[in-house]
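Me: I'm about to look at a structure I've never seen before. Can you walk me through how some of its labels are earned?

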Amino acid sequence: MKAIQLEKPGSFRVIDIDEPSAPGPGEAVVRVHQVGICGTDLGGYLGKMPFFSYPRIPGHELGVEVVSVGDGVTTVRPGDRCSVEPYLNCQHCHACRRGHTNCCHHNQTLGVHCDGGLRRYYTVPARKLHVGPSLDFEQLALVETLAIGSHAVFRAALKPGETVLVIGAGPIGLSVIEFAKLSGARTVVMDMNEQRLAFVRDVMGVTDTVLTRADGSEFIAVETLTDGNGAEVVIDATGSNKSMSQALGFCAFAGRLVYVGITQADLSFPHAPILHRRELSILGSRNALPEDFRSIIGHIDARRIDTRPWITHRSAFGEMIGQFPSWLKPETGVINAMVSVD
């Protein structure tokens with residue numbers, strides 16, 4: 001069977017691998033139909049994604065069909081259409097025992113720490129499959145991207161009537177916006193790319209947007225939009241250490257800041273005049289929880305989330321390597337590219 005492997009940064013190749021054997025206890029063999037390509041995959045290609053190791057078969061946003069199940073599996077059956085929760089947790093560490101499976105001490109994320117789904121068949125723990133019978137395979141592949149935003153909003157504990165500033169309108173920022181809107185909070189979005197902000201206004205219906213400028217005028221803009229108070233919640237989805245260091249300056253007194261973007265660089269900000277004086281809470285948000293996947297499938301099924309604008313580019317499996325470099329270019333307007341393994 002063919003698989004696509006990222007041999008090293010900037011270099012894909014097609015390899016031959018064995019088809020999976022019969023599933024063991026607690027396992028399921030799935031047929032991969034759709035693989036979403038997101039910022040993690042782009043960062044891995046560029047060599048800028050923390051935790052990514054090489055060589056690696058990418059693919060962690062997966063829409064799959066169950067082919068066979070092993071002994072003891074009762075949650076899925078052959079023919080089920082599923083989204084895959086790609087965070088393989090050990091179930092035994094301190095975090096797992098407390099229900100924080102998203103930050104397992106020994107987490108292995110498909111397509112990042114271990115080989116993922118850019119192949120036709122794949123074996124996964126059945127407990128990581130979330131059935132979505134009314135969703136198509138593209139929608140199921142989108143669930144993981146949306147789950148990152150869902151978990152970040154959960155971490156923020158957003159309340160109706162609060163103002164949330166989402167910094168960064170890339171795919172993760174857009175997923176945050178979806179759930180910020182569902183929370184009933186007033187949503188403001190900031191980005192340095194006017195094309196992205198236009199998408200936020202025209203497609204997602206968020207009217208309050210702020211363009212990041214070199215002169216720092218975005219601070220004045222946010223103050224104006226919040227009557228000088230700042231935002232009760234700020235969620236930074238940029239992955240930029242500069243943006244993440246400055247994000248505290250947008251927070252209201254007693255506000256909350258959530259970092260969902262990832263950077264390998266150090267963050268730096270003043271303690272006394274901002275963090276201490278305003279009594280701010282800083283939170284990290286990593287991956288997502290099983291309930292995020294179940295909730296999102298329900299939201300899509302109920303049409304509270306429209307997935308159509310999310311998929312901006314499509315590729316057949318055999319064409320992906322040639323098309324992938326173009327998805328790195330901002331001018332192509334990529335939000336989420338979908339690779340068909342059919």
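Me: What makes Arg294 and Glu291 a salt bridge?

Reply: Keep in mind that this is a predicted model. The closest N and O atoms of Arg294 and Glu291 are 4.0 Å apart. The cut-off is within 4 Å, so the pair counts. Both sit in helix α9 (residues 290-301), and because they are three residues apart there, about one helical turn separates them.

Me: Why is Glu291 called partly exposed?

Reply: Glu291 has a relative accessible area of 43%. Buried means under 20% and exposed means over 50%, so Glu291 falls in between.

Me: How many salt bridges are there in the whole structure?

Reply: The search finds 12. One of them joins Lys2 and Asp16, with the closest N and O atoms 2.8 Å apart. Lys2 is in strand β1 (residues 2-8) and Asp16 in strand β2 (residues 11-16), 14 residues apart.

Me: Which label does Asp16 get, buried or exposed?

Reply: Exposed: its relative accessibility is 57%, and the label needs over 50%. Lys2, at 46%, counts as partly exposed.

Me: What about Arg56, buried or exposed?

Reply: Arg56 has a relative accessible area of 11%. That is under 20%, so Arg56 is buried. Its side chain meets that of Asp115 in a salt bridge (2.7 Å, N to O). The two are 59 residues apart: Asp115 is in the loop between β7 (108-109) and β8 (121-125), and Arg56 in the loop between α1 (39-46) and β4 (61-69). Asp115 is partly exposed at 27%.

Me: How do you know that Cys96 is in no disulfide?

Reply: The nearest cysteine sulfur, that of Cys93, is 3.6 Å away. A disulfide needs the sulfurs within 2.5 Å, so Cys96 doesn't qualify. For Cys103, the nearest cysteine sulfur is also that of Cys93, 7.8 Å away, and Cys103 is in no disulfide either. The count for the model comes to zero.

Me: And why does Cys96 count as buried?

Reply: Its relative accessibility is 9%, and buried means under 20%. Cys103, at 32%, is partly exposed.

Me: What makes β12 and β15 edge strands?

Reply: Each pairs on one side only. They belong to an open sheet of six strands in the order β12-β11-β10-β13-β14-β15, with parallel pairing.

Me: How do you know that β14 and β15 pair?

Reply: They share four bridges in the parallel sense. At least two are needed, so they count as paired. Leu257 stands opposite Ile282 in β15.

Terms used: Residues numbered from 1 in each chain as written. Predicted model: local features only at pLDDT ≥ 70, side-chain atom pairs only at ≥ 80, totals over all residues. Heavy atoms only, no water. Buried < 20%, exposed > 50% of the residue type's maximum accessible area, 1.4 Å probe, protein only.
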